[in-house]
Amino acid sequence: MKETVEKLWDEYFLHECAEMDTEEERRLTQKAAELHETANALLDGEQKAAVETYVAALCDVEALFVKKAFFKGCEFAVSFLSEAGCLGK
């Protein structure tokens, strides 16, 4: 099952979840871009590089947790449906 869920994540949900389709998502993305510009204006080259490395690490951690949550959600759904008697009949 893990391979199937991995394929589902890699080939479909990763791209679907990355699409901005609400005003809140667009607003937050715009705010993040503005804050990035403000921070860059205040930092020198070495500081910018350090902050960019830090932000990239945070993004990697967040992506890992999102994928983990997706997998746990799939496991829960299968378990729930199995216990409810919806599978295998």
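A residue counts as buried when its relative accessible area is under 20%. In this predicted model, Phe 70 comes out at 16% relative accessibility, so it falls on the buried side of that cut-off. Phe 71, at 12%, lands there too and is likewise buried. Trp 9 is also buried.

These three residues belong together for another reason: ring pairs join Trp 9, Phe 70 and Phe 71 into a cluster. The model's tally of aromatic pairs comes to three, and among them is the one between Trp 9 and Phe 70, with 5.1 Å from centre to centre and 45 degrees between the planes, a tilted arrangement. That pair ties together distant parts of the chain, with Trp 9 sitting in helix α1 (residues 2-18) and Phe 70 in helix α3 (residues 45-83), 61 residues apart. Phe 70 also pairs with Phe 71: here the ring centres are 6.0 Å apart and the planes meet at 80 degrees, and because an angle over 60 degrees is the edge-to-face class, that is the label this pair gets.

Trp 9 turns up again on the pocket side of things. The largest pocket holds about 230 Å³ of space, and its lining is made up of Trp 9, Phe 13, Leu 14, Cys 17, Ala 18, Glu 62, Ala 63 and Val 66. The elements giving two or more residues to this lining are α1 and α3, with α1 providing the largest share, five residues. Chemically, the lining of the largest pocket splits into seven nonpolar residues, no polar ones and one charged. The charged one is Glu 62.

And what about the second largest pocket? About 180 Å³ of space lies in it. Around that space sit His 36, Ala 39, Asn 40, Val 51, Glu 52, Val 55, Leu 58 and Cys 59. Helix α2 (23-42) and helix α3 each put at least two residues into the lining of the second largest pocket, and this time the largest share, five residues, comes from α3. By class, the lining of the second largest pocket has five nonpolar, two polar and one charged residues. His 36 and Asn 40 are the polar ones, while Glu 52 carries the charged label.

Helix α3 thus recurs through the whole account: Phe 70 of the tilted pair sits in it, it is one of the elements that give two or more residues to the lining of the largest pocket, and it supplies the largest share of the lining of the second largest pocket.

Notes. Residues numbered from 1 in each chain as written. Predicted model: local features only at pLDDT ≥ 70, side-chain atom pairs only at ≥ 80, totals over all residues. Heavy atoms only, no water. Phe/Tyr/Trp six-rings, centres within 6.5 Å; stacked < 30°, edge-to-face > 60°. Helix = DSSP H or I, 4+ residues; strand = E, 2+ residues; numbered from the N terminus. Buried < 20%, exposed > 50% of the residue type's maximum accessible area, 1.4 Å probe, protein only. 1 Å grid on protein atoms, 1.4 Å probe; cavity = no way out; pocket = protein on both sides within 12 Å on 5 of 7 lines; lining within 4 Å. Points joined across faces, edges and corners; volume = space filled by probe spheres on them.
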